[in-house]
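Me: I have some questions about a model and its ligand. Here it is.

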Amino acid sequence: MVESPNFAECLQEWESLEKEHQNIQETHRLYRQKLEEVSKLQEVCSASISRQRKRMKDMSLALKGYKQEMTSDNLNTIEGVQGFIKEMSQAFFEMEAFLPKKNGLYLRLVLGNVDVTLLSKQSKFAYKDEYEKFKLYLTVIHLLFSFTCQFLVRYRTVDTLFNFLLVWYYGTLTIRESILINNGSRIKGWWVFHHYIAAFQSGVMLTWPNGKLYQMFRNQFLAYCSYQSFVHLLQYYYQSGCLYRLRALGQRHNMDLTVEGFQSWMWRGLTFLLPFLFFGHFWQLYNGLCLYRMSQLPECTEWQVIMCGSSFLVLFMGNFFTTVTVVYHKFKHNTEGKPKRP
Ligand code: COA
């Protein structure tokens, strides 16, 4: 049996509790005071950034005007200043990732006006890491699901569940990516838009009634989904590899890095990944063309055929051209380096 403390010990314990409580109150008061200081600093930083941005914009316009009438010496100075202004805008982008900002229309509609800015580097990395892991787990589920639908269970209801999962997954990705962008991620707008289109496309597949045309396309679609999941697994390996290496080097973006080891790892990863990506893009083109041909058949009455076909064609064009542009920019950045200060 546990012995209860005597009255004197009890009073002693109470005194120590009271003291500790006072300490907690003091720490909390200090914490709230610091919070107020932080929010004041945030306001000052945001206001100064927008003021400087405006001045830099005016300056760029003025310099453009002077350019025509300048000698080559002055032209060099102007180009130097313009390069530096570009660098400063980039620095503002980095600073703003740590300042609260208003949500865009989409986040306002989905989450309301809640602040989604993560204020430390660690929490930004952790959120990105969780986003990559979320994609990984869902990709494995998609792979198993599409394999099951293709080879084991051939019911329209199960296909519907699979398409519903896809709609939910892509919808969730768009929200997570908008939060990442708010936190300074440089995800290209196209990849987010790509997920809106993919969600729309899965919604269309969900409503496509079971019939001859649906059955004609079903296996091709499921095989494509399995392949896409496989490519996403490779992409996960590349993206999380970048993330962990960047974290180890204390950087947030791979374009900022000229460290030899990182660059050679990135290029090895990319050259391995690219053939699989391009194959996937041309599969999207093939799906689009097949669906377009199906839409020309006399028995085709479903609007879903042309809708799905068009979205595949849009996905192909956007994915292919964005990937080519990304690789081209990386290559150019790697060979040219950064602009110099005037
Ligand atoms: N989806 C989500 N985020 C992406 C992305 C994608 N497809 N591609 C790049 N990003 C993110 C990066 O993680 C990075 O985020 P960060 O700023 O938070 O660190 C940011 O965008 C900038 O990345 P970037 O340097 O432009 O590219 P990368 O080296 O990370 O990746 C590719 C380059 C080409 C491998 C990648 O864009 C890709 O996989 N694209 C193909 C996607 C595709 O076609 N899918 C369909 C397959 S069938």
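Buried here means under 20% relative accessible area, counting protein chains only. The model is a predicted one.

Me: Which residues of α1 are buried?
Reply: Helix α1 covers residues 7–67. With the cut-off for buried set at under 20% relative accessible area, the residues of α1 that qualify are Gln-42, Ile-49, Met-56 and Leu-63.

Me: Against which element do the buried residues of α1 pack?
Reply: The residues in question are Gln-42, Ile-49, Met-56 and Leu-63. Contact is taken as heavy atoms within 4.5 Å. The element that the buried residues of α1 pack against is α2 (72–96).

Me: How far does α1 reach from its first C-alpha to its last?
Reply: The helix has 61 residues, and at 1.5 Å a residue the expected reach is 90 Å. The reach in the model is close to that, at 88 Å.

Me: Which residue has a polar backbone atom 2.8 Å from an oxygen atom of the ligand?
Reply: Lys-128 and Ser-185 are among the closest residues to the ligand. Lys-128 places a polar side-chain atom 2.8 Å from a ligand oxygen, and Ser-185 places one at 2.7 Å. The backbone contact at 2.8 Å belongs to Arg-186.

Me: How much of the ligand's accessible area does the protein cover?
Reply: On its own, the ligand has 890 Å² of accessible area. In the model 23 residues surround the ligand, dividing into eight nonpolar, eight polar and seven charged. The share of the ligand's area covered by the protein is 94%.

Definitions and conventions:
Residues numbered from 1 in each chain as written. Predicted model: local features only at pLDDT ≥ 70, side-chain atom pairs only at ≥ 80, totals over all residues. Heavy atoms only, no water. Near = heavy atom within 4 Å. Polar contact = N/O pair within 3.5 Å; in protein donor to acceptor, adjacent residues only side chain to side chain. Areas by Shrake-Rupley, 256 points an atom, 1.4 Å probe, with all protein chains shown as cover. Nonpolar A, V, L, I, M, F, W, Y, C, P; charged D, E, K, R; others polar. Helix = DSSP H or I, 4+ residues; strand = E, 2+ residues; numbered from the N terminus. Expected span 1.5 Å × (residues − 1). Buried < 20%, exposed > 50% of the residue type's maximum accessible area, 1.4 Å probe, protein only.
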